[in-house]
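Here are some notes for a colleague who is meeting this structure for the first time. Please read them with the model open alongside.

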Amino acid sequence: MLRDYMGVILLNEDESNIRSLTLNRPLASIPIFGRYRVIDFVLSNMVNSGITNVGIFVERNSRSLVDHIGTGKPWDLNRKIDGLFIFNHTLKRLVEEDVNAFKYNMEYFLEARRKRLFFQDQG
């Protein structure tokens with residue numbers, strides 16, 4: 001199991017070829033078969049692999065994605081330790097600034113590791 005791993009989804013894809021679909025939403029929240037979204041398959045693969053801590057870095061227009069994902073309950077990511085975290089970045093394009101997106105949110109990576117180590121020591 002991959003319980004000690006952290007999943008990171010960086011939504012900085014080039015949407016120029018499908019601009020009409022992604023005008024008001026990220027590519028990850030485009031509907032597939034009406035009920036599902038692109039992000040569902042990525043999250044399901046991570047959870048089925050045993051990853052329980054997932055961070056999603058969204059560039060812009062994240063309302064539809066946040067509405068669909070919610071608290072992460074369908075993937076059992078609504079938990080006190082680890083879980084699902086969404087980071088919005090609207091000041092600069094992530095295509096050019098992906099390293100800075102991680103750098104400015106380094107506390108997420110450090111805090112997740114600290115919590116995991118703390119609760120392993122307690123158990």
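**Notes on the sheet and the cores**

1. A convenient place to begin is a single pair of residues: G7 has V54, in β4, as its bridge partner. The model is a predicted one, and the points below should be read with that in mind.

2. That pair belongs to a wider match, since β1 and β4, the latter covering residues 53-58, are paired in the parallel sense over 5 bridges. Both strands are part of an open sheet of 3 strands, ordered β1-β4-β5 with parallel pairing. Because β1 (7-11) and β5 (83-88) each have a single partner strand, they stand at the edges, and one side of each is left without a neighbour in the sheet. From one strand to the next, the twist averages 15 degrees.

3. Helix α1, made of residues 38-48, lies across β1, β4 and β5, and its direction is at about 165 degrees to that of β1.

4. The largest nonpolar core has 15 residues, of which I9, I39, L43, V54, I56, L65 and I69 touch the most other members. At least two residues of this core come from each of β1, α1, β4 and α2 (63-69). A second core, separate from this one, has 5 residues, including F57, F87, A101 and F109.

5. Returning to V54, which residues is it in contact with, leaving aside its neighbours within four places in sequence? They are G7, I9, L43, M46, L77, G83, L84, F85 and Y108, so that the bridge partner G7 appears in this list beside the core residues I9 and L43.

Technical notes: Residues are numbered from 1 along each chain as its sequence is written. This is a predicted model: local features need pLDDT of at least 70, side-chain atom pairs count only at pLDDT 80 or more; totals for chains, interfaces and linings use all residues. Side-chain values use heavy atoms; hydrogens and water are left out. Two strands pair if DSSP finds at least two bridges between them. Helices (H or I, at least four residues) and strands (E, at least two) are DSSP runs, numbered from the N terminus. Axes are lines fitted to C-alpha atoms, for helices over the stretch in contact, and angles run from 0 to 180 degrees between N-to-C directions. Contact means heavy atoms within 4.5 Å. A nonpolar core is a set of buried Ala, Val, Leu, Ile, Met, Phe, Trp, Tyr and Cys residues joined through side-chain atoms within 4.5 Å. Buried means under 20% relative accessible area, exposed over 50%, partly exposed in between (1.4 Å probe, protein chains only).
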